[in-house]
Amino acid sequence: MSNPIPALAICLPLLGALLVLANKDRPNLRDGISLVTTVLLFFLVLSLYGPVMAGEQPAWQFISPIPGLAMGFRVEPLGLMFATVASGLWIVTTVYAIGYMRRNKEKRHTMFFFCFAVAIAAAMGVAFSADLLTLFVFYEALTLSTYPLVAHKQTKEARRGAKIYLAFLLTTSIGLLLVAIIATYATAGTLQFTPGGVLTDKLSVTGLTILVCLFCFGIGKAALMPVHRWLPSAMVAPTPVSALLHAVAVVKAGVFTIVKVVVYIIGVDNLAQTGAGDIVLWTAAFTLTFASVIALRKDNLKARLAYSTVAQLAYVVLGAMLANSAGLLGASMQIPMHAVGKITLFFCAGSIYVATHKTEISQLDGLGHRMPFTFAAFFIGSVSIIGLPPMGGAWSKWFLLMGTADAQQWILMGLLLLSSLMNIAYLLPIVGRGFFRPLPAEEASRLPAGTIEESPMTCVIPLSVTAAGCVALFLYADAIHDFLLPLFP
Amino acid sequence: MIGLLNYWVVFALMLLGLYMTISSSNLVKKVVGLNIFQTSVFIFFISMGKVTGGTAPILDEAYSAYSNPLPHVLILTAIVVGVATTALALALIVRIREGYGSIEESYIRDKDRESGS
Amino acid sequence: MSAQLPILQLLFPLIAAPICSLLHNRNAAWLLSALATWASLATAIGLYYQTANGAELIYEVGGWPPPWGISVNIDSLNALVLLLITGMASVLVVAFPASLTIQWLGSRARLYYTAYLLCFASLIGITITGDAFNVFVFLEISSLSTYALVAMGRDRRAQLAAFRYLIMGTVGATFILISVGLLYMATGTLNMADLAERIPALHDSTVVRAAFGFFIVGAGVKVAMFPMHFWLPSAYSFAPSIASAFLAATATKVAVYVMLRFIFGVFGAELFFDVLALDQVFLALAVVGIVVGSLAALYQDDIKAVLAYSSVAQLSYMVLGIAVGTASGLTAAVVHIFNHGLIKAALFIVLAGIFVRFQCTRLSDLAGLGKFAPWTVGAFGVGAMSLIGIPGTAGFISKWYLLLSVLEHAWWFVALVIIASSLLALAYMWRVIDALWLKEPSQLVTERGREAPLRMLIPAWVLALANFFFGIDTTVTLGAAGRAVASLLGVSA
């Protein structure tokens, strides 16, 4: 059953990237091409739902560089979900980026949109990989293509941040992940993603524990402590980059890979029976608690959001390591839920920056009345991240709590609840400042009270859309749930 | 009977040449050492082909024992190679002297260090 | 005609060389060398397909049957090496004229071409011959022409480097000569196939063991195996850059081939592994060589020196593959011979292009070149990716096999060393890329920064894309390596 659509989904953004490059002197056409590509890609991804819902797994094998080591694509529900999230949010981010970049008079637009498109192509590759090696190739491509985006501002600080970004991701992936892949091949003789895993009864518990650690720390994009340092450093990037890459494509590629490895390589039952994931489980628990504490202490808005991301990603890892149905379901659902919530928050941070050039939380007093849409969206996104109804984030947190209960890990359950409390403590005061504190005197005198001074429409519309998405995900979560359930019986 | 004497001679020459190549600081002396080293190997080949009582391998009714000609032929080639090597080495030394004004390795090393390499 | 193929590829350059030395017209000399090189490539491709079914071609030079005459043997192993030598030379020869426009080299173009053709011919000779003494002769021809090529560098240190290489190289070659003499003493033959038959009965013979020892040291110098690698960094750094490209891609690779051929095709794996346990020695030296080479590469300012030290480490990978000795280990060694040749040719040819523009390859002087010459630096980036071993590139294939073979033995420590050295490769190549792409342009670059000449840029990209091609389609490399390893292990069994 050979189906070229997964391959097309990778070629399409690449083609868009080339067209962007070719039209670098015609900004409107160039941005138009970006937009059209995003929409086409989204529909291409949606077209895969038909066969997948019918139980098929469209596959496309392209090469076999080493005998017994095929490389190719295969669409399964988890990857399709990730691809939908990435491609769908790419549309809104592109709209947002066009407004943001033009308003801020950022330079080198063409390079920006080019790398953006290449990064999405790489994310699609990660989503549809049929084996670990293909996944690894696109994982590295994602790192390399996002590097120029992080360094986009070309300031000394930006270069330093980008260097840390690259150093962490490349070192962990080559030093640990590749070892894990080769060790997997050496023991199992295959790298194909196989339901039920390929490592059952092939390794001792110690060996499996080491392998799980190699995978989880090697996938640096999942930002498990202590390999999380790149994430705050990468926040020097322009906000649309932070939004798409560090709330959606890059970090989610990381946790998605971990979930995929647990489900299709290690095997959920295998992990549950051996308890080989315990070290990573507790590291994730530590990460989500500790990152929340750090986030509380950050005054820079993007830095706080960055540490919040670190914590939220640890939820996914934790869910995967619980190795039971509810845990994995929670982990998987956390991917779209957190993506939509966090991208809203980043959009808001960028919107505030575009309108007022403010970056610190302590400067936000009273801005809520000036920018009601932005702050309302920020509130909605925050509630979703915290995990309260009626926002999508509530469901993933719910299933994660169920997962800890099923595994009878009461301490973990406590930590999850504690972390939710901390989420409230570091997110909601931002909204509070905006609405309930008065504007600083000199600014208040500049404009009459009640004037609305929002960022451009191209910024406001995307963030309103994603905020609405948070609510929609709450209402239609059962669709995602039913779609994923067959994977985790 | 000379027993293993020829091998001992070869061995001594070999070590002598090698020692000279490594230890002298003068580039020409290095080449001389290299030549001694190579020559020892030539002698080794030549003595190896010698058959006691044998004569040059020109077929004749009067003789029944001949020396083995093969090693001798091989060593002719090796001598040619050795001559070429020596010629190239000497040419290089001329060029090195033009560049550095000396053929003493210690002096050259100091000069390289001065020029901040 | 096709029966004469095995010897033809040697004859083209060998006949062209003396003619070339008489051609005072630079373009004529180039054309002749290029034609000879391409003719050899065509022959090598023909031979590859003749051996693709695992057959071994035996050609009797002058009609004398071995062991009296010299035979030329072509099997899958040397067909692959031939493909590498002739292929790399064919691409690099395109770039020669552009890189010889620099003044002090331009006047010597015909001599350069002569030396190159001799070196090229003798490398082919080493690879195809079935006679142990013949190996020595061709080895010396290739060495002598290499010394001449190195000495053509502009810097006065080039002559010194050539001289030092000459001393070490001659000692090494003489060691091989001693080894050949001892082998003849013990067995009475010089034909490799005959030697392989007679040696197993003589495992206890001190003469054979001494011959093996002398051979390993002598070949070790040519391979630049740690600790006999000292000649390599300075020779590659000071030779004309385009000559470095040719030498790095071919000369050391042929030396590794000789080592493989003698260990498995002459002395026998049993003597190497079981009787003398030399694999332990190789393993230790390879590990140290990998670490030392990678670390030294990290601290070089001259990009050519970075690549040269990296070669020391990469050659140690091949030695490691030999030490592992299993099918996958040898496959790694054989494939890496090919892939590493490809990588280093691509990287060095870019440097040669840069050198034509700036007359230097120092990292500190070339900062920010990427803004002025994105294609030039881009080709270097591709080569760097392959050197690090990113999947999808040729470098990954060999590294994959090497790691697998090490894991088969459960040598975790060695696996760690390989991974660590990959990370070091990432670090030292990153240093270069970082300086070339991301730093503010230096004064020199701002004044004279532009792309390498087109005639060098195109070969550079051909090689760079070949790195992708052989990382994705491995039927040629892995296929030949698989057959070669089967025959190597078959001979020794």
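User: What makes helix 1 (residues 5-23) of chain B and helix 2 of chain B a packed pair, in terms of angle and axes?

Analyst: In this predicted model, these two helices of chain B pack at an angle of about 160°, and their axes are 7 Å apart.

User: Why are helix 1 of chain B and helix 2 of chain B called roughly antiparallel?

Analyst: Just set the angle against the cut-off. Angles over 145 degrees count as roughly antiparallel. Here the angle is about 160°, so helix 1 of chain B and helix 2 of chain B earn the label roughly antiparallel.

User: Is the crossing of helix 1 of chain B and helix 2 of chain B left-handed or right-handed?

Analyst: The crossing of these two helices is left-handed.

User: Which residues of the two helices meet?

Analyst: On the helix 1 side of chain B, they include V10(B), L13(B), M14(B) and G17(B). Helix 2 of chain B answers with residues including V32(B), I36(B), F37(B) and I43(B). Sorted by class, the contact of helix 1 with helix 2 of chain B has 12 nonpolar, 7 polar and 2 charged residues.

User: Now chain C. How do you know whether helix 5 of chain C and helix 11 of chain C are roughly parallel or roughly antiparallel?

Analyst: Same recipe. Helix 5 (residues 109-128) and helix 11 (residues 241-267) of chain C pack at an angle of about 25°, with axes 10 Å apart. Angles under 35 degrees count as roughly parallel, so helix 5 of chain C and helix 11 of chain C are roughly parallel to each other. Helix 5 of chain C passes helix 11 of chain C in a left-handed crossing.

User: Which residues make that contact of helix 5 of chain C with helix 11 of chain C?

Analyst: Helix 5 of chain C brings Y116(C), L123(C), I126(C) and T127(C). Among those from helix 11 of chain C are F246(C), T250(C) and V254(C). By class, this contact has 8 nonpolar, 2 polar and no charged residues.

User: Why is A323(A) called buried?

Analyst: Count its neighbours. A residue is buried if 20 or more other C-beta atoms lie within 10 Å of its own. A323(A) has 27 other C-beta atoms within 10 Å, so it is buried. A323(A) is found in the loop between helix 13 (301-322) and helix 14 (325-356) of chain A.

User: And why does Q408(A) count as exposed?

Analyst: For exposed, the count must be 12 or fewer. Q408(A) has 8 C-beta neighbours inside 10 Å, so it counts as exposed. Q408(A) is found in the loop between helix 17 and helix 18 (410-436) of chain A.

User: What about V281(C): buried, exposed or partly exposed?

Analyst: Its count is 13 C-beta neighbours inside 10 Å. Buried needs 20 or more, and exposed needs 12 or fewer, so V281(C) counts as partly exposed. V281(C) is in helix 13 (residues 278-298) of chain C.

User: What makes the phi of A323(A) and the phi of Q408(A) worth a look?

Analyst: Most residues other than glycine have a negative phi. A323(A) is not a glycine, yet its phi is positive, about 55°. Q408(A) is likewise not a glycine, and its phi is a positive value near 55°.

User: Where are the cis peptide bonds that join P389(A) to P390(A) and F226(C) to P227(C)?

Analyst: P390(A) is in the loop between helix 16 (372-386) and helix 17 (393-406) of chain A, and omega for the P389(A) and P390(A) bond is about 5°. P227(C) is in the loop between helix 9 (206-223) and helix 10 (231-238) of chain C, and omega for the F226(C) and P227(C) bond is about 0°.

User: How do you know whether chain A and chain B touch?

Analyst: No contact joins chain A and chain B, and their closest C-alpha atoms lie 30 Å apart. There are 2 pairs of chains in contact, and chains B and C share the most contacts.

User: How many residues does the contact of chain A with chain C take from each chain?

Analyst: The contact takes 16 residues from chain A and 17 residues from chain C. On the chain A side, helix 7 of chain A gives the largest share, 9 residues. By class, that side has 12 nonpolar, 2 polar and 2 charged residues.

Note on methods
Residues are numbered from 1 along each chain as its sequence is written. Chains are lettered from A and ligands numbered from 1 in the order in which they are written. This is a predicted model: local features need pLDDT of at least 70, side-chain atom pairs count only at pLDDT 80 or more; totals for chains, interfaces and linings use all residues. Two residues are in contact if their C-beta atoms, placed from the backbone, lie within 7 Å. Helices (H or I, at least four residues) and strands (E, at least two) are DSSP runs, numbered from the N terminus. Axes are lines fitted to C-alpha atoms, for helices over the stretch in contact, and angles run from 0 to 180 degrees between N-to-C directions. Angles under 35 degrees count as roughly parallel, over 145 as roughly antiparallel, 65 to 115 as roughly perpendicular and the rest as oblique. A crossing is left-handed if the near helix is turned anticlockwise from the far one by less than a right angle, and right-handed if clockwise. Ala, Val, Leu, Ile, Met, Phe, Trp, Tyr, Cys and Pro count as nonpolar, Asp, Glu, Lys and Arg as charged, and the others, Gly among them, as polar.
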